[in-house]
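Reader: I'd like to go through this one with you and ask why things are called what they're called. Can we start from the outside and work inwards?

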Amino acid sequence: HAAFRALNAALPPQASMRRFAPLLLAATASAWQGRALSRRSLSSLLLSGAVLGGRSSAAAQDVRTPNERQYELYVAAMTCESKADLEGAEQTWSRLIEASNNKASKVVLARAYSGRSRVRAGLGKLPPALVDISEAVDLEPDVAEFWAQRGAVFEAASKELFRSGEQDKAKALFASAASDYDHGLMLDPRNAALLEKSGDVRVRLGDFEGALQKYMRGLELGSTPTANGGLATKFALNVLQTGDDAMGARVLADVLATDSSEEVLLACAAVAWSAGAFAEGLALFRTAVAKNHTVADVEGVVDRLNWPPRALELLRDLRDRKTSYDSLSMATSGFI
């Protein structure tokens, strides 16, 4: 807005704003870079004939600095992402990186690498995505966001390996993800989302006590212990995994009081089934499936939500044996 006012004051009367669009863009880009074009600078550009001298718009763009061109590319890449044009975004981030090498601040270059990593991960190009985000981490090692992003790429790659049966390689990458998430937490210790991710990879590594600690810290950041229903559900299921069924049931009962989503109902079904409350577990399972039939794929749900293995065992048992309990009374026991 300030750049527009300065330009308007420098223009001759009756000037057509359409003809001065390149100059306005240059002034706005300069403001984004933390600089200001004075009225004298704007007037000099006008008098130089860059805009008024009848030169083409392509020639008029020559007055822009490299920083101004980098700004245009940054905006263009973000616009592509907002439109889900990942291929276009990848190409634009690449152009920005090429234009920025040895000419831009580390912050700009790190953001460009981070952006290209993000879209490459979205395109399933995980190895080059990992290379890019590692460049961002090297350039700006004190930014928690970059460590979290690299951890997410490691996690995505490890899940692919796990599903293909390469469990040893998957475990190594899960450990790398955990390390990066923890480094991010050193820089941003009150990041609840990062705490949850750190807990999730510990579940994958079989470190259920470690996962409980991360989830507990995340819950402590909420307005109430169960304000984050998904996180509280993970905490309860890991409590169940470590053998405290009663505490897991109490936590899930509190969650269910405010969150009756199909995921919470499914978790409650697992806990009820574990305690021998078969009728109640079956009723909760059927209610969850009625809300969303896809949760009948308990393997997919547990994998997607990063629930511990005992939850999967219980839900499989419930699903596979539920026909044996069709004759049971559906009156609930009050366990959940």
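Author: Sure, surface first. This is a predicted model, and its protein chain exposes about 16600 Å². Carbon and sulfur atoms supply 52% of that area.

Reader: And what share of the protein chain counts as buried?

Author: Buried residues make up 44% of the 336 residues. To get that label, a residue needs a relative accessible area under 20%.

Reader: Take N238, then. Why is N238 called buried?

Author: Its relative accessible area is 0% and the cut-off is under 20%, so N238 is buried. N238 is found in helix α13, residues 229-241. Leaving aside neighbours within four places in sequence, N238 is in contact with V203, F208, A211, L212, Y215 and P308.

Reader: What makes L205 partly exposed?

Author: Buried stops at 20% and exposed starts over 50%; L205 has 26% relative accessibility, so it lands in between and counts as partly exposed. L205 is found in the loop between α11 and α12 (208-220).

Reader: Which residues is L205 in contact with, leaving aside its neighbours within four places in sequence?

Author: K171, F174, A175 and A178. L205 and A175 are 30 residues apart in sequence, yet 7.4 Å apart in space, C-alpha to C-alpha.

Reader: What about the secondary structure: how many helices and strands does the protein chain have?

Author: There are 18 helices and zero strands.

Reader: On to the largest pocket. How much space lies in it?

Author: About 470 Å³. It is lined by 16 residues, and the closest to its centre are F162, R204, D303, W307 and P309. The elements giving two or more residues to that lining are α9 (144-163), α10 (167-187), α11 (192-204), α17 (298-305) and α18 (309-321). α10 gives the most, with four residues.

Reader: How do the residues of that lining divide into nonpolar, polar and charged?

Author: 10 are nonpolar, one is polar and five are charged. Of the residues closest to the centre, F162, W307 and P309 fall in the nonpolar class because Phe, Trp and Pro count as nonpolar, while R204 and D303 are charged because Arg and Asp count as charged.

Reader: Last one: what pLDDT does the protein chain average?

Author: It averages 83, and 76% of the residues score at least 70. Over residues 14-19 the pLDDT is below 50, and this stretch has six contacts beyond near neighbours in sequence. Residues 46-54 also stay under 50, with 15 contacts beyond four places in sequence.

Conventions: Residues are numbered from 1 along each chain as its sequence is written. This is a predicted model: local features need pLDDT of at least 70, side-chain atom pairs count only at pLDDT 80 or more; totals for chains, interfaces and linings use all residues. Side-chain values use heavy atoms; hydrogens and water are left out. On a 1 Å grid over the protein atoms alone, a cavity is a set of points where a 1.4 Å probe fits but cannot get out, and a pocket is an open set with protein on both sides within 12 Å along at least five of seven lines; lining residues have an atom within 4 Å of a point. Grid points are joined across faces, edges and corners, and a volume is the space filled by probe spheres set on the points. Buried means under 20% relative accessible area, exposed over 50%, partly exposed in between (1.4 Å probe, protein chains only). Contact means heavy atoms within 4.5 Å. pLDDT is the predictor's confidence in each residue, from 0 to 100. Accessible areas come from the Shrake-Rupley method with a 1.4 Å probe; for residues, only the protein chains shown count as cover.
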